[in-house]
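This report describes a sheet, a hairpin, a helix contact and a ligand site in turn. Please keep the sequence and the structure in view while reading.

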Amino acid sequence: MLVVGAGPGGSSCAYWLADAGWDVAVVEKKTFPREKTCGDGLTPRAVRQLADMGLEPALAGSHRYEGLRSVGFGRSLEMRWPEHPAFPSYGYTITRHDLDGLVAERAAKAGATVWQGTEAVEPLLDGPLLDGPPPDPPGGVRPAGHRRALPACHGALVRDRGTGAVREVRARYVVVADGSNSRFGRALGTSRRRDYPLGMALRGYYLSDRHDDLFIESHLDIRDERGEVVPGYGWIFPLGDGRVNVGVGLLSTERRWKGVNTTRLMDAFVQWAPRSWGIAPETACGPATGGKLPMGLAVSPHGGPNTVLVGDAGGSINPFNGEGIAYGYETGRLAAWTIGEALAGGGTEAVDRYGERLEQAYSDYFRVARAFVRLISNPKTMRVCVNLGMRSELLMTELLKIMANLMRPDTLGAAELAYRGMAVVADLLPDSALLESTRPG
Ligand SMILES: Cc1cc2nc3c(=O)[nH]c(=O)nc-3n(C[C@H](O)[C@H](O)[C@H](O)COP(=O)(O)OP(=O)(O)OC[C@H]3O[C@@H](n4cnc5c(N)ncnc54)[C@H](O)[C@@H]3O)c2cc1C
């Protein structure tokens, strides 16, 4: 097997394949430790995956936090992570600079071969890329040239970034885990649905006396330089090492999005953030960097006869909260399981089922999340919801369970009931409605 990319998706897939005894090689274009633009926040879902890979002891020196503080319209609410039978009731913050190398190393210890500083420059294909025009999905909108399945891929042409040497790496199965830009995936024929939400976010590190705060903080009423509320969110995540990770995010579902300059928004957030954090241009550790967040399984096809997409390459970020690390680990694990089945005799038919399994695991939840995002993208609705929510700690605690995908399978509590109601509303809001609502003018 060849895995392209050693972020959360690629390394978890490599770990689970190697742990099951399969022969797996990973190519990663960077060399660990490396900088990675991220909020550095691990929710209980991500912690569970790291624990399953035997990595929780390695997190011992990282900052363990207890929950989320929501701030908006003059109010502040602290919500602890809920008790759950499958997930811990705490999270961690750890820079991706430190985290990603740990997981790649874990995969290597389990038996995976990890080639760092090695870039997959081109997929090795048999035949022509295009397989004719696809039918339009019911009510859906696909970009031109969208494919139903990826072609068979037998490996990659890879380049050693140190020596410049290029060679072929051949493999029976190929896992595309090259992140949100996914050049390798696009070379195979993937595309992103334009009517699904796409986030844009920017983050920077700041020195802060509150670096070991026990809550990560999310701001729901961020303002531009004129002091006007902007459709987006801001965060301050304490790292426990003298620094906090500060960022702003926006959703492409908002029609004013194109007019908003994220760098200026970040500057404004730094200016408006509560003084107690000590965030200011003078405490910045360097310039802010940004990235894209493809959400809700926005990228497809999810695979082909011997290829699968995991993590951001498949657009698997949770639209409710912008969380992608846990979903990278989870989809990587699902891909490893599917490929393991194929290798154990299921063949390409087993790999073909990966897309179905992905849909089974996430599509209902992500459909509700996409509808939610669509609703709150309207600044007026957003303002009403935030104002209402911020008056009730109980309401926000239940909402946190929904938004972090921490509802219980064994109880029908307020969150689970509310989610069912949201699912009914989501049925009335097809994704294609978004195209209308985002048209300028
Ligand atoms: C500003 C920002 C803040 C965020 N904050 C959070 C957060 O707090 N919590 C959270 O859960 N999620 C957060 N996310 C989302 C999260 O970062 C991603 O969802 C996650 O990194 C996805 O993991 P991945 O393995 O799919 O991709 P990546 O982490 O992008 O990993 C892909 C890897 O592939 C390598 N690669 C790329 N191309 C090639 C190639 N051709 N050959 C070899 N290697 C290649 C890259 O170097 C990289 O190491 C944030 C995103 C952004 C932009």
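An open sheet is built from seven strands in the order β6-β5-β15-β16-β17-β14-β18, with mixed pairing. Strands are DSSP runs of E with at least two residues, helices are runs of H or I with at least four residues, and both are numbered from the N terminus. Two strands pair if DSSP finds at least two bridges between them. Because β6 (75-80) and β18 stand at the edges with a single partner strand each, one side of each is left without a neighbour in the sheet. From one strand to the next, the twist averages 20°.

The model is predicted; local features need pLDDT of at least 70, side-chain atom pairs count only at pLDDT 80 or more, and totals for chains, interfaces and linings use all residues. Residues are numbered from 1 along each chain as its sequence is written.

Two antiparallel strand pairs are set out below.

| Strand pair | Bridges | One bridge pair |
|---|---|---|
| β16 (residues 232-238) and β17 (residues 243-251) | seven bridges | Tyr233 and Gly249 of β17 |
| β10 (residues 153-160) and β11 (residues 166-170) | five bridges | Leu157 and Glu168 of β11 |

β10 and β11 form a hairpin with five residues between them, and Gly164 in the turn has a positive phi of about 85°. Strand β11 is hardly covered, since zero of its five residues are buried. A residue counts as buried if 20 or more other C-beta atoms, placed from the backbone, lie within 10 Å of its own.

The axes of α6 and α9 (residues 414-427) come within 9 Å and cross at roughly 75°. Axes are lines fitted to C-alpha atoms, for helices over the stretch in contact, and angles run from 0 to 180 degrees between N-to-C directions. The crossing therefore makes α6 roughly perpendicular to α9, a term for angles of 65 to 115 degrees. Arg367, Val368, Ala371 and Phe372 of α6 meet Tyr419, Met422, Ala423, Val425 and Ala426 of α9; contact requires C-beta atoms, placed from the backbone, within 7 Å. The residues of this contact divide into eight nonpolar, no polar and one charged.

Of the 40 residues around the ligand, Gly5, Gly7, Gly39, Gly311 and Gly324 come nearest. Such residues have a C-beta atom, placed from the backbone, within 6 Å of the ligand. Elements that give two or more residues to this shell include α1 (8-19), β14 (198-207), β18 (289-294) and α6 (325-376). The shell comprises 15 nonpolar, 15 polar and 10 charged residues. Asp, Glu, Lys and Arg count as charged, Ala, Val, Leu, Ile, Met, Phe, Trp, Tyr, Cys and Pro as nonpolar, and the others, Gly among them, as polar.

Key: Parallel < 35°, antiparallel > 145°, perpendicular 65-115°, else oblique. Contact = placed C-beta atoms within 7 Å. Buried ≥ 20, exposed ≤ 12 C-beta atoms within 10 Å, placed from the backbone.
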